[in-house]
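Here is a short round of questions and answers on one protein chain. Keep the structure in view as you read.

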Amino acid sequence: MTMSTPTNASTPTKEYGVFLPIGDGGWIMSTTSPRPLADYEYNKRAALHAEDMGLDFIMTMAKWRGFGGDSDYWGNTLESMTLMSGLAEATERVKVWATMHANIHHPAVAAKMYTTLQQISGGRAGMNIVNGAYPGEFTQMGLWDHDRTQEDKYRLTSEWCEAVTRLWSEDTVSMESDFFTLDECESRPHPEVRPAIISAGNSSQARAFQAEWCDGAFMAANDLETMKAQSDDVKARSAALGRECRTYAMLTVVQGDTDAEAEALVAEYGRGIDRPAIALMRQSWGIPAEHALNWANGAGAEGAFQTAYVAGAADTIVDHIRHVVGETGLDGLMLIFPEFDRDMVLFGETVLPELRRLDALDAMDVAVAS
């Protein structure tokens with residue numbers, strides 16, 4: 001069977017998706033913010049909202065342990081692949097991006113799982129690859145290698161990705177890696193269309209991996225200038241390899257009827273900032289406990305938000321998103337909402353149509369200029 005690579009022929013000029021709330025509490029670490037549930041029905045409703053309002057993709061993280069605190073943040077989580085398989089069946093159009101940990105899933109198992117997800121979704125599957133950033137998730141399983149360096153992690157991820165993609169297209173695969181072994185390994189059927197490959201990371205090693213293997217890369221930076229440099233670098237590296245890698249970032253949207261109302265919501269969510277959970281999360285990044293606690297205790301309201309956020313009325317949000325995407329050259333955004341039944345639907349009714357209209361005008365201008 002010949003396996004095609006993903007095509008961008010029908011890809012919108014800018015893509016907008018949603019990061020589903022696979023963990024209790026969603027993406028705001030607070031006791032006074034809305035509390036999305038780690039619940040299949042809640043996530044199914046959010047996926048159907050995404051489908052109905054015309055978002056381009058839905059994505060879930062893979063998380064194996066929470067961060068406690070006053071909110072028991074992410075104490076309950078669902079599993080990404082099984083959740084997204086259900087949502088692939090529940091939807092018809094939106095892309096379905098699930099997450100896989102290369103450090104704990106054997107590539108032969110992953111290859112078979114994503115081939116199945118590709119069949120269920122009718123060709124909409126995407127694989128978000130991560131290589132383990134929070135040791136506490138894996139030490140509890142006895143699956144964390146304390147001696148593995150950052151260079152080793154990306155060597156693992158690259159070899160793992162090579163194995164998976166070969167299993168998607170070759171009848172048998174033999175590989176001897178420091179991290180896994182394939183001995184005339186079979187994985188059939190092959191997907192008719194290769195699942196999209198996505199990864200997040202900002203280091204030079206991450207960008208090299210994204211350029212070589214990924215169709216989409218998630219950027220994160222403290223300012224738009226740095227984000228543009230990261231995005232430009234990934235695109236240049238991938239182009240040099242004869243490939244295309246689209247770039248994205250995450251953004252939390254706090255919307256109100258007025259800017260003042262939205263800003264009041266940010267203040268209310270910040271009032272309940274879960275400092276113990278934030279401190280534990282920062283410790284999991286390798287920050288010493290005392291420093292992590294000091295940072296959490298000194299954080300303002302914005303410290304409750306895990307990503308950059310915009311707060312305002314619909315026109316303010318449109319202007320902000322247009323500015324972010326325009327200044328960075330990103331191909332899209334993955335959006336987060338405090339509450340998905342209300343806030344996400346409001347965005348779909350008042351913001352997304354205007355973004356689509358303006359993006360279409362931009363595309364027309366580019367076409368005329370060329």
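**Loops, burial and helix contacts**

Asp72 lies in the loop between strand E2 (57–59) and helix H2 (80–90). The model is predicted.

Q: Is Asp72 buried, partly exposed or exposed?
A: Buried means under 20% relative accessible area, and exposed means over 50%. Asp72 has a relative accessible area of 41%. The value falls between the two cut-offs, so Asp72 is partly exposed.

Q: What is the phi of Asp72?
A: Asp72 is not a glycine. Even so, its phi is positive, at about 45°.

Q: Which residue in the loop between E2 and H2 has a positive phi of about 55°?
A: This residue is not a glycine. It is buried, with a relative accessible area of 3%. The residue is Trp74.

Q: Where is Leu20, and is it buried or exposed?
A: Leu20 sits in the loop between strand E1 (15–19) and H1. Its relative accessibility is 0%. The cut-off for buried is under 20%. Leu20 therefore counts as buried.

Q: How far apart in space are Leu20 and Ile58, C-alpha to C-alpha?
A: In sequence, the two residues are 38 residues apart. Leu20 is in contact with Ile58, and its other contacts beyond four places in sequence include Trp27, Met59 and Leu87. From C-alpha to C-alpha, Leu20 and Ile58 are 6.7 Å apart.

Q: How are H1 and H12 oriented to each other?
A: The axes of helix H1 (residues 40–53) and H12 come within 10 Å. They cross at roughly 0°. Angles under 35 degrees count as roughly parallel. That makes H1 and H12 roughly parallel.

Q: How many nonpolar residues are in the contact of H1 with H12?
A: H1 brings Ala46, His49, Ala50 and Met53 to the contact. H12 brings Met344, Val345, Phe347 and Gly348. By class, no residues are charged and two are polar, while the nonpolar residues number six.

Q: Are H12 and H13 parallel or oblique to each other?
A: The axes of helix H12 (residues 343–350) and helix H13 (residues 352–369) come within 4 Å. Their crossing angle is roughly 40°. Roughly parallel needs an angle under 35 degrees. H12 and H13 are therefore oblique.

Q: How many charged residues are in the contact of H12 with H13?
A: Phe347, Gly348, Glu349 and Thr350 in H12 meet Leu352, Pro353 and Leu355 in H13. Four of the contact residues are nonpolar and two are polar. The number of charged residues is one.

Q: Which peptide bond is cis, with omega near 10°?
A: Look in the loop between strand E6 (181–185) and strand E7 (196–200), where Pro189 is found. The cis bond leads into this proline. It runs from Arg188 to Pro189.

Q: What is the radius of gyration of the chain?
A: The chain has 13 helices and eleven strands. For 370 residues, the globule rule gives 21 Å. The chain comes close to that, so it is as compact as a globular protein of that length. Its radius of gyration is 20 Å.

Q: What share of the residues in the chain is buried?
A: The C-alpha trace spans about 60 × 55 × 40 Å along its principal axes. The chain exposes about 15,900 Å², and carbon and sulfur atoms supply 50% of it. Of the 370 residues, the buried share is 51%.

Methods. Residues are numbered from 1 along each chain as its sequence is written. This is a predicted model: local features need pLDDT of at least 70, side-chain atom pairs count only at pLDDT 80 or more; totals for chains, interfaces and linings use all residues. Side-chain values use heavy atoms; hydrogens and water are left out. Axes are lines fitted to C-alpha atoms, for helices over the stretch in contact, and angles run from 0 to 180 degrees between N-to-C directions. Helices (H or I, at least four residues) and strands (E, at least two) are DSSP runs, numbered from the N terminus. Angles under 35 degrees count as roughly parallel, over 145 as roughly antiparallel, 65 to 115 as roughly perpendicular and the rest as oblique. Contact means heavy atoms within 4.5 Å. Ala, Val, Leu, Ile, Met, Phe, Trp, Tyr, Cys and Pro count as nonpolar, Asp, Glu, Lys and Arg as charged, and the others, Gly among them, as polar. The radius of gyration is taken over C-alpha atoms; the globule rule is 2.2 Å times the number of residues to the power 0.38. Buried means under 20% relative accessible area, exposed over 50%, partly exposed in between (1.4 Å probe, protein chains only). Accessible areas come from the Shrake-Rupley method with a 1.4 Å probe; for residues, only the protein chains shown count as cover.
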